[in-house]
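Thanks, everyone. I will talk through side-chain pairs and one sheet, and then stop.

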Amino acid sequence: MSQPAEVDGDDLRYADPDNPYLTEPDTEFAPVEELDADDAAAEVDLLRAALREHDHRYYARNDPLIADRTYDALFTRLVELEDAFDLDTADSPTRRVGGGTLDELGEVKHAAPMLSIDQSGDAEDVREFDERVRRTLGEDAEVTYSCEPKFDGLSVEVVYEDGRYVQAATRGDGRVGDDVTEQVRAIRSVPERLAGDPPETLAVRGEVFIPRDAFQEHNRERVEAGKEPFANPRNAAAGTLRQLDIDAVAERPLDCFFYDVLGWESDGDAEPDSPTRPDTNLGELDALRSFGLHVNDRAELAADIEAAIDYRDRLAAEREGLNYEIDGVVIKVNDRAACEELGTKSRSYRWAFAYKFPARHEVTTVEDIVVQVGRTGRLTPVALLDPVDVGGVTVSRATLHNPDEIASLGVAVGDEVRVKRAGDVIPQVAEVVESRSDAPYEFPDECPACGTAVERDGPLAFCPNGLACPAQAERAVVHYASRGGLDIEGLGEESVEQLREAGLVETLPDLYRLPDRREELAELDGWGETSADNLIREVEASTEPELAAFLAALGIHEVGAATARSLARHFGTFEAVRTASEAELQAVDDIGETVARTVRDFFETEQNARVIDDLLRFVDPQSDDTETGDALAGLTFVFTGSLSTARSEAQDLVEAHGANATSSVSGNTDYLVVGESPGTSKREDAEANDVDELDEEGFADFLAEHGIEWPPEEG
Ligand code: ZN
């Protein structure tokens, strides 16, 4: 499927042009038994070089040479050979996946202090920086600047020794940071081994970030799984980098741009041809690029400070179109000897200055404070603002989060406030600039939608009226019909609001009364016969949902698709889930005390019970019949690598037959099922614990012996 790519030998970083695994490789490999140790070692070397090249092309340059499937085949072959001939090394491309879990983050002292950069959004401050530079270097010194985007991510220091990745640390206090070696190793664009001719020790500063599109996608998945979305890409990246579960880090879409050399050491006496450090900052970026590191391509040389100011203005105009967050540009004296001469202050460099973009915060007036009712009954106060342009976007409302936040901000209607927006965050009120109200804002005692007395839970306020509250019901209907629910097409937020306003759908069961009100539906603005019939058909098609889908569709707080599946599998019928006690709920895998209580509360709430009884007159959740026996009772399975279908399907299957599926290997594990591209840590643990390994074929045979089919039949 992949086009045979032209490979330019000069363009290769890791592999020789005649490496057979570069373009259209033959993936019909010789059987392992037919190889001797030398053949295997030679093939492993070629595979590693090719895979490093492919990683680099794919992750750092977005210009792959082969199809993903072909990559997987090469990867699997390498794993196979490393295993068979005991050729695993720490810097093999196979070592990147599967990191296990760390106990805690250690500390690391940086090779060179990671200082901060003076910054301002005012062009006059940038010109003053230029004057200070030229005063120090002499008025007739020719000063040019290297200009780069200022990434809004998380700074890390990454160290390579002899071209091998050895360490990564967060910035911390600039001198000592957290050890995130394993976390950064899991970022696919960070090479395990440098290409070209790197110095013996290279310490380089980079910025870890999550691309915007991947962030949106990741947040959507979190919401579908019933989790809180991340506020912005930066928070998501920062949170991820401190994760101790390395597998979880590898699943997040992290990337990293490298932009500063912190340390470059070559032992000149021992190796006369070791590479000399470039004498300009832009030259260093080129060098980093030649080592295979991911370097942003927007860096430019500015002939003078006015050109640098112009660069920032141009980048500001393109900012919203970039796939990564930036909040300004960094202007550096390009000549490194001049930088050395300029030196540092206590906390920052004298040769660099960050020229920030216009602030994404502005001052405006609070015209009103309204309270929104969420799907779970949570009451969120929102400030309605005199519309103001914040960094290019008009903002007319900003969340105030909860009653405690209002109290701590001391905000009230009429106040002048500072509103900020960072990344993709919903606008927020940062502070009160001037209080102009006579009295503090009083949070309502009653739900604005249904008048029920408000209940408090810590800083949060709730309407306890559940599905009987029209505001919650409207949100519940939207969720019920969404892709995370029963996927009823034609019921987006706007149409649900329209149906509610027309009195057609006030609670969930009303959806199923729509067929009786077809005429009214067809007469709604923008509807007509066809849309009405389509919706009715969609609704009628949803009356026999699978139990798991139905449970997820109810929108119980904390119950996303995965938890709904666990519940369905464990209890089998809706009635059993509905009547399960907290203790019984906690017996379900993945369900802890909090979720158990939430589920119990949901079904116990009288209003919910009434609505659900009504709903069940129309809807018949299909009992989960995957609980098919106890043929595997007492056995514990762990899965690693990818199988011919989703790994979760294999886990579900063995659990349905009475076995346990756990995520880490221990002395209690009976079988480690090893799919393609497996991690190494689980296999090491398996070996240490004498756990039997099964490949997918072996797994299928094993199941067949127990009368279970793998892969399971569709449907
Ligand atoms: Zn209410």
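I will go through aromatic pairs, then the sheet, then salt bridges.

A word on the source: this is a predicted model.

Aromatic rings, then. A pair of rings is described by the distance of the centres and the angle of the planes. Over the whole structure, the search gives 25 aromatic pairs. Take Phe-574 and Phe-603: their ring centres are 5.8 Å apart and the planes stand at 75 degrees, and since over 60 counts as edge-to-face, that is the class of this pair. Phe-574 belongs to helix 18, residues 574–579, and Phe-603 to helix 20, residues 593–604, so the pair links distant parts of the chain, 29 residues apart. Are these two buried or exposed? Phe-574 has 6% relative accessibility and counts as buried. Phe-603, at 5%, is buried too.

The next pair is Phe-699 with Trp-710. Here the centres are 5.4 Å apart and the planes are at 65 degrees, so this pair is edge-to-face. Phe-699 sits in helix 24, residues 696–705, while Trp-710 is in the segment after that helix; the pair therefore ties together parts 11 residues apart in sequence. Both Phe-699 and Trp-710 are buried. They also belong to a cluster linked by ring pairs, whose other members are Phe-637, Phe-639, Tyr-671 and Phe-702.

One contact of another kind: Arg-312 lies over the face of Tyr-355, 3.9 Å from the ring centre.

Now the sheet. Which order do its strands take? The sheet is open, has 4 strands in the order 20-19-21-22, and the pairing is parallel. Strand 20, residues 660–662, and strand 22, residues 692–695, are the edge strands, each pairing on one side only. Ignoring direction, neighbouring strands are turned by 30 degrees against each other on average. Strand 19, residues 636–640, and strand 21, residues 671–674, run parallel and are joined by 4 bridges. Within that pairing, Thr-640 has Val-674 of strand 21 as its bridge partner.

Two helices lie across this sheet's strands. Helix 23, residues 681–688, lies across strands 19, 21 and 22, at about 150 degrees to strand 21. Helix 24 also lies across strand 19, strand 21 and strand 22, and runs at about 100 degrees to strand 22. That is the helix that holds Phe-699.

Last, charges. Side chains of opposite charge can pair when their charged atoms come close. The structure holds 41 salt bridges. In one of them, Asp-327 meets Lys-150, with the closest N and O atoms 3.4 Å apart. Asp-327 is in strand 10, residues 326–333, and Lys-150 is in strand 3, residues 145–151, so parts 177 residues apart in sequence are tied together. Asp-327 is at 15% relative accessibility and counts as buried; Lys-150, at 17%, counts as buried as well.

Asp-613 and Arg-578 form another salt bridge, 3.0 Å from N to O. Asp-613 is in helix 21, residues 606–616, and Arg-578 in helix 18, 35 residues apart. Asp-613 is partly exposed, at 42%, whereas Arg-578 is buried, at 11%.

Helix 20 has a bridge of its own: Arg-600 and Glu-604 both lie in this helix, 4 residues apart, about one turn. Their closest N and O atoms are 3.1 Å apart. Arg-600 is buried at 13%, and Glu-604 counts as exposed at 52%. Elsewhere, salt bridges with shared partners join Arg-277, Glu-284, Arg-336 and Glu-340 into one network.

That is where I stop.

Conventions
Residues numbered from 1 in each chain as written. Predicted model: local features only at pLDDT ≥ 70, side-chain atom pairs only at ≥ 80, totals over all residues. Heavy atoms only, no water. Phe/Tyr/Trp six-rings, centres within 6.5 Å; stacked < 30°, edge-to-face > 60°. Buried < 20%, exposed > 50% of the residue type's maximum accessible area, 1.4 Å probe, protein only. Lys NZ or Arg CZ within 6 Å of the ring centre and 35° of its normal. Pairing = 2+ DSSP bridges. Axes fitted to C-alpha atoms, helices over the stretch in contact; angles between N-to-C directions. Contact = heavy atoms within 4.5 Å. Salt bridge = Lys/Arg side-chain N within 4 Å of Asp/Glu carboxyl O.
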